[in-house]
Amino acid sequence: MVESGKQGDDALERQRFLSLFLRSEREIFRYVAALVPNASDAEDIVQQTAIALWEKFDSYDSTRPFTPWACRFALNKARQWTERRKRWQALLENGLAEEIVARREELKPQLERRLSRLEGCLEKLPEDKRSLVEGYYYKRQTIEALAEASGRTVEATYKALQRVRQSLQMCIEGANRTEGAT
């Protein structure tokens, strides 16, 4: 009985948070969009803000407006994003970009061989397994969508994907051994 009362309280708390967040989301987005150069970055920051808000929701004072409280979190997330971007920019300015390009060119023949082997192994997969891989990696469908389309549970879909990856790895390693033997 105590456990179900706790679950009920948690559900009410989630509903309360969602209600407040959804009412403020546009304002939070406009606030963040004014701080960063593009909408995609602003969307990422708003998502990170939502997570932070949920984690700290028990410290929210419900006698005060939600949006200004949420915008303070958004400002912190935007500052963190800017710092990460500056560090990445500094790395790129110190020769990392050239190093990455050079390393990529160096590895290009090896990567192309691996890709060719992967494509050969994908062609050997049964249609349902190939469809699962294509849906997840090429079409970027969610596991939930793939599970629904295949009639599997989400857990079974994860397992099926894991088994396909293992079989692809074995196929590629077999191709490597065959090429190494010739």
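A disulfide is taken here as a pair of cysteine sulfur atoms within 2.5 Å, and by this rule the count comes to one. The views below show a predicted model.

**View 1. The disulfide of Cys121 and Cys171.**
The sulfur atoms of Cys121 and Cys171 lie 2.0 Å apart, which is within the 2.5 Å cut-off for a disulfide. The link is left-handed, with -90° about the S-S bond. Cys121 belongs to helix 3 and Cys171 to helix 6, so the disulfide ties together parts that are 50 residues apart in sequence. The two partners fall into separate accessibility classes: Cys121 is buried, at a relative accessible area of 4%, whereas Cys171 is partly exposed, at 21%. Another cysteine, Cys71, is buried as well, with a relative accessible area of 9%.

**View 2. The salt bridge of Arg152 and Asp128.**
The structure holds seven salt bridges, and one of them joins the side chains of Arg152 and Asp128, with an N to O distance of 3.9 Å. Arg152 sits in the loop between helix 5 and helix 6 (154-181), while Asp128 is part of helix 4 (residues 127-138); the pair therefore ties together parts that are 24 residues apart in sequence. Both ends of this bridge are partly exposed: Arg152 has a relative accessibility of 30%, and Asp128 has one of 45%.

**View 3. The salt bridge of Glu27 and Arg30 in helix 1.**
The side chains of Glu27 and Arg30 meet at 3.0 Å, N to O. These residues are three positions apart in helix 1 (residues 2-33), a separation of about one helical turn. An α-helix has 3.6 residues a turn, so residues three or four places apart point the same way. Glu27 is partly exposed, with a relative accessible area of 37%.

**View 4. The salt bridge of Glu83 and Lys86 in helix 3.**
Here the side chains of Glu83 and Lys86 form a salt bridge with an N to O distance of 3.9 Å, which falls within the 4 Å cut-off. Both residues lie in helix 3, three residues apart, or about one turn of the helix. Glu83 is partly exposed, its relative accessible area being 38%.

**View 5. A nonpolar surface patch of Trp88, Leu91 and Ile100.**
Trp88, Leu91 and Ile100 make up a nonpolar patch on the surface, and together they present about 300 Å² of accessible area. Leu91 is a residue of helix 3, which covers residues 66-124. With a relative accessible area of 44%, Leu91 is partly exposed, and this value satisfies the requirement of over 30% for residues of a patch.

**View 6. The two faces of helix 5 and the residue that follows the helix.**
Helix 5 comprises residues 143-150, and its buried residues are Ile143, Leu146 and Ala147. Viewed down the helix axis, these buried residues fall within an arc of 100°, so they line one face of helix 5. The face turned away from this buried side carries the exposed residues Glu148 and Ala149. Just after helix 5, Gly151 adopts a positive phi of about 80°. Arg152, shown in View 2, also lies in the loop between helix 5 and helix 6.

Notes:
Residues are numbered from 1 along each chain as its sequence is written. This is a predicted model: local features need pLDDT of at least 70, side-chain atom pairs count only at pLDDT 80 or more; totals for chains, interfaces and linings use all residues. Side-chain values use heavy atoms; hydrogens and water are left out. Patches are made of residues with over 30% relative accessible area and no salt bridge: like charges are joined within 9 Å, nonpolar side chains (Val, Leu, Ile, Met, Phe, Trp, Tyr) within 5 Å. Accessible areas come from the Shrake-Rupley method with a 1.4 Å probe; for residues, only the protein chains shown count as cover. Helices (H or I, at least four residues) and strands (E, at least two) are DSSP runs, numbered from the N terminus. Buried means under 20% relative accessible area, exposed over 50%, partly exposed in between (1.4 Å probe, protein chains only). The arc is that of the directions from the helix axis to the C-beta atoms.
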